[in-house]
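Biologist: Hey, got a minute to walk me through this one? I'd like the overall picture before we get into side chains.

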Amino acid sequence: MTPRLRTRLTTALILGLTAIFASACSLHDSERTLDTSAADRPIVEPRTTEDVQAAMERQQRDAAQRAAETDDLWERARLGFGFNDALDHERVDRYIRHYRDHPRIIEYSTRRAEPFAYFILSEIEARDMPAELLLLPIVESGFVAQATSRSRAAGIWQFMPATGDYFDLSRDHWYDGRRDVYKSTLAALDYLQALHRRFDDWYLALAAYNYGQGNIQRAIDRNAARGEPTDYWSLDLPSEPTAYIPRLLALRHLFLDPDAHNIAIAPIANEPALEMIEPGQQADFSLIAELADLDTETLKQLNPGYHRHATHPGGAQHLFVPREALPTLEAALETRNDEPLLRFREYTVRSGDNLGQIAQRAGTRVAVLRDMNNLDDDMIRAGQTLRLPASAPSEEAPLQVAGDNGQLAEDYQVQAGDSLWHISQRTGMSIGALRAANDLDPDAILRPGDTLKVVRADPDRGPDGQRVEYEVRPGDSLSTIARRHQVSIGDLRRWNGLNGDGIRAGETLTLYLASADGEAIAQSDA
């Protein structure tokens, strides 16, 4: 892996998912979904890993020719820009100013795009589609593969669950094809092509991708019935699809001439960045990273379709690695022959155990345990030693949070109205820790009666810092208290169950402060 790509991947990982919300990119929560009527459904063939491999091989054959054209992939994209209608529409100007005033949106998005942009642009070109579509994931997700909207759209192309199912982007506890950048790209371009065939107009096709083809068709029909124009700009649409094409065209302006807008766009090498490998069995990310001489987190970031410590035990098992790491990995795999690609730890079977229970606790499948332990069937006995995947959660290593306070995990029964946020507030665990401790997918839905493993933090410490009590003084307001202690008014309301700003002198408020000397701060007049 080149130092530049490794640095950018590491930086992008640190930025994380929160950057997309700070950047005001669009994560769609509208009615966008695949229309359910059979007549409206696009006719497409489900894409497979073999399709991805075939596309990558085709791109590799053309790589030398592409590299001769330019060494910067963004320059190559500019040469393929194909939109020419209403490029300077008044609705576009607003978003040119928006992106220009928030340059980090483009900075962060292009960093995340770097490993995947060559594949996406090459597929767009192979289908003779406008190269502006390479910028669409910036509008959709900021190129954050782990992005999930409130309506459960996921991945850089923001596929809704039902739409992903239609395009055979499978999802379960191990893998979500909507987050697999390569497979979801093929599906997204298939969908956009089908929409373009229907509407014969790229702006209408894109609006349908965002808002639903049935909704766009009804808007067209309403205008036609009134004798009004039926182009995209003339349709009466909600705010999100109204802004969707202007956002994309604004990005087109900025990427076409970044110097004129004082925008810095870091170049991306105009060559394939990744290779795909099929180990033929479930593989542990930490082991594969070690064999390929890669950082584990980098490998996971290049393979965002996988949720857990390893590839799928019986489904998706392909992996994407930097091109320069492939020879090292292939040589290492060759020396291992048919050895399992899972790290293992030893577990002593207890009375009452069965293989299914042990597999579930270890986060794997019975078939994997059979293979790792050379078992012909599911018969095991108390006292027997089994190999379990080492990267999976261990029941013998209790979860520790809140600064390793030594408290063990306990069961929490989900109540009506509970959410991960509510449970996080009650226990002091972060939402991320709750998800990790209970192996919850980003799309997981809590139901009353479900049992979660939680670890309660130190009772004197909340999720936001050291707990202190503050007595409201004459003349105090939430604003002055928040400013004095460098917390937000929203946090003060949340910590104290306040619906408004009304407080009275003599009342006691709870604050959580970062300082270890919280009591002194709380009593300070500063």
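Modeller: Sure, let's start with the whole fold and then go to a few local spots. Keep in mind that this is a predicted model.

Biologist: Fine. How many helices and strands does the protein have?

Modeller: There are 23 helices and nine strands.

Biologist: And what share of the residues counts as buried?

Modeller: Of its 526 residues, 50% are classed as buried. The exposed surface comes to about 24,700 Å², and carbon and sulfur atoms supply 46% of that.

Biologist: What about contacts between residues far apart in sequence?

Modeller: Take the contacts with a separation of 6 or more: 72% of them join residues 24 or more positions apart.

Biologist: OK, helix packing. At what angle do H14 and H16 cross?

Modeller: Roughly 110°, and their axes come within 7 Å. H14 covers residues 285-292 and H16 covers residues 326-336.

Biologist: What do you call that arrangement of H14 and H16?

Modeller: Roughly perpendicular, because the crossing angle falls in the 65 to 115 degree range.

Biologist: Which residues make the contact?

Modeller: On the H14 side, Leu287, Ile288, Leu291 and Ala292. H16 brings in Thr328, Leu329, Ala332, Leu333 and Arg336.

Biologist: How does that contact divide into nonpolar, polar and charged?

Modeller: Seven residues are nonpolar, one is polar and one is charged.

Biologist: Switching topic: how many aromatic pairs does the structure hold?

Modeller: It has 14 aromatic pairs. One of them is Tyr232 with Trp233, an edge-to-face pair with 5.0 Å centre to centre and 75° between the planes.

Biologist: Are Tyr232 and Trp233 buried or exposed?

Modeller: Both Tyr232 and Trp233 are buried.

Biologist: Which residues form an aromatic cluster?

Modeller: Phe159, Tyr166, Phe167, Tyr191 and Tyr209 form one together.

Biologist: Last thing, Glu471. Where is Glu471 found?

Modeller: In strand E8, which runs over residues 465-471.

Biologist: Why does Glu471 count as exposed?

Modeller: Because its relative accessible area is 52%, and exposed means over 50%.

Biologist: So what is Glu471 in contact with, beyond its neighbours within four places in sequence?

Modeller: Asp476, Gly506, Glu507 and Thr508. Glu471 and Gly506 are 35 residues apart in sequence, yet their C-alpha atoms are 5.8 Å apart in space.

Biologist: Great, that's what I was after. Thanks!

Technical notes: Residues are numbered from 1 along each chain as its sequence is written. This is a predicted model: local features need pLDDT of at least 70, side-chain atom pairs count only at pLDDT 80 or more; totals for chains, interfaces and linings use all residues. Side-chain values use heavy atoms; hydrogens and water are left out. Axes are lines fitted to C-alpha atoms, for helices over the stretch in contact, and angles run from 0 to 180 degrees between N-to-C directions. Helices (H or I, at least four residues) and strands (E, at least two) are DSSP runs, numbered from the N terminus. Angles under 35 degrees count as roughly parallel, over 145 as roughly antiparallel, 65 to 115 as roughly perpendicular and the rest as oblique. Contact means heavy atoms within 4.5 Å. Ala, Val, Leu, Ile, Met, Phe, Trp, Tyr, Cys and Pro count as nonpolar, Asp, Glu, Lys and Arg as charged, and the others, Gly among them, as polar. Buried means under 20% relative accessible area, exposed over 50%, partly exposed in between (1.4 Å probe, protein chains only). Accessible areas come from the Shrake-Rupley method with a 1.4 Å probe; for residues, only the protein chains shown count as cover. Rings of Phe, Tyr and Trp (its six-membered ring) pair if their centres lie within 6.5 Å; planes under 30 degrees apart count as stacked, over 60 as edge-to-face and the rest as tilted.
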